[in-house]
Amino acid sequence: MKGIALLLGLAVAAGIGAARAAEMYRWVDQAGQVHYSDQPPPPEARSPEIRRLGDKPAASTLPYALREAVRQFPVTVYTAEGCGQSCKQAAAYLTRRGVPFTEKDARTAENADVVMSHTGGKLEVPLMIVGRSAVRGYEESAWAAALDAAGYPRSSTLPPGVAARQAEPRQVPKDTPEEAQQPGEASPEVPATN
């Protein structure tokens with residue numbers, strides 16, 4: 001009887017072990033949508049990852065101080081086509097400093113509302129939001145002070161192969177808060193502040 005119970009226990013344990021070895025796939029499609037599935041991603045998928053269910057979660061690739069700054073004070077930068085040199089300088093500064101950030105198009109309706117709520121009703125870019133604090137325009141010393149206050153390292157600690165910039169897919173703005181863009185019309189200019 002004890003032998004049967006032992007064999008039954010071993011069989012159950014083996015079944016649980018097999019279930020734990022199941023694979024989960026994560027990938028990004030052409031439209032930028034993230035997908036999770038137990039089926040392998042299609043060939044055109046971007047950034048495919050395979051995870052084994054039941055495995056310990058992978059340790060973050062970011063150093064602890066940077067990971068904590070990102071967790072407590074995420075950085076989002078709002079830019080727009082036509083922003084010019086100040087947007088390029090802003091993105092280059094964050095990349096050089098190794099600050100993970102999400103870049104968003106300020107011309108979409110949802111993002112324009114966020115920008116205008118921080119700029120007194122104006123659609124001004126670049127705008128950097130660190131946690132809940134906003135910094136209008138690009139001035140390196142002001143951006144450095146905001147990042148220092150949030151605990152971001154002063155020089156890059158990003159591991160090799162980890163990109164600082166995570167860009168939202170560019171979308172054609174349907175309506176801007178001030179006026180609707182008419183078909184065939186040029187995109188509205190977005191003032192850049194320096």
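## Briefing: an aromatic trio and the elements around it

Tyr93, Tyr138 and Trp143 come together as one aromatic cluster. Rings of Phe, Tyr and Trp (the six-membered ring for Trp) pair here if their centres lie within 6.5 Å; planes under 30 degrees apart are called stacked, over 60 edge-to-face, and the rest tilted. Keep in mind that this is a predicted model, where local features need pLDDT of at least 70 and side-chain atom pairs count only at pLDDT 80 or more, while totals for chains, interfaces and linings use all residues. Residues are numbered from 1 along each chain as its sequence is written, and side-chain values use heavy atoms, with hydrogens and water left out.

**The overall picture**

- The protein has five helices and eight strands, with helices (H or I, at least four residues) and strands (E, at least two) taken as DSSP runs and numbered from the N terminus.
- Starting at the N terminus, the order of elements is α-β-β-β-α-β-α-β-α-β-β-α-β.
- The chain has 194 residues, and 31% of them count as buried; that means under 20% relative accessible area, with exposed meaning over 50% and partly exposed in between (1.4 Å probe, protein chains only).
- Among contacts with a separation of 6 or more, 64% are between residues 24 or more positions apart, a contact being heavy atoms within 4.5 Å.
- Accessible surface adds up to about 12200 Å², and carbon and sulfur atoms own 55% of that (Shrake-Rupley method, 1.4 Å probe; for residues, only the protein chains shown count as cover).

**The aromatic cluster**

- How many aromatic pairs are there? The count is two.
- One of them joins Tyr93 and Tyr138: the ring centres are 6.3 Å apart and the planes sit at 50 degrees, so this pair is tilted.
- That pair ties together distant parts of the chain, with Tyr93 in helix H3 and Tyr138 in the loop between strand S7 (133–136) and helix H5 (140–149), 45 residues apart.
- Tyr138 also pairs with Trp143, with centres 5.1 Å apart and planes at 80 degrees, so here the pair is edge-to-face.
- Tyr93 is buried at 6% relative accessible area, and Tyr138 is buried at 9%.
- Trp143 is buried too, just like Tyr138.

**Strand S5 and its partners**

- On which strand do side chains alternate between faces? In S5 (residues 101–105), Phe101, Glu103 and Asp105 point to one face and are buried, while Thr102 and Lys104 point to the other and are not.
- S5 pairs with strand S4 (residues 75–79) in the parallel sense over five bridges; strands pair if DSSP finds at least two bridges between them.
- Within that pairing, Val75 stands opposite Phe101.
- S5 also pairs with strand S8 (residues 165–167), again in the parallel sense, over three bridges, and Phe101 stands opposite Arg165 there.
- S4, helix H3 (residues 85–97) and S5 form a right-handed β-α-β unit, meaning that with the strands pointing away from the viewer, the path from the first strand over the helix to the second runs clockwise.

**Two helices with a buried side**

- In helix H2 (residues 64–72), Leu66, Glu68 and Ala69 are the buried residues.
- Viewed down the H2 axis, those residues fall within an arc of 160 degrees, so they line one face of the helix; the arc is that of the directions from the helix axis to the C-beta atoms.
- Turned away from the buried side of H2 are the exposed residues Tyr64 and Arg71.
- H5 buries Trp143, Ala144, Ala146 and Leu147.
- Around the H5 axis they cover an arc of only 165 degrees, which puts them on the same side.
- An α-helix has 3.6 residues a turn, so residues three or four places apart point the same way.
- What do the buried residues of H5 pack against? Their partners are S4, H3, S6 and S7.

**Loop spots worth a look**

- Thr61 sits in the loop between strand S3 (46–52) and H2, and at 54% relative accessibility it counts as exposed.
- Leaving aside neighbours within four places in sequence, Thr61 is in contact with Pro159 and Val162.
- The C-alpha atoms of Thr61 and Pro160 are 9.7 Å apart, although 99 residues separate them along the chain.
- The peptide bond from Val125 to Pro126 is cis, with omega near 0 degrees, and Pro126 lies in the loop between helix H4 (109–118) and strand S6 (127–130).
- Gly151, just after H5, takes a positive phi of about 90 degrees.
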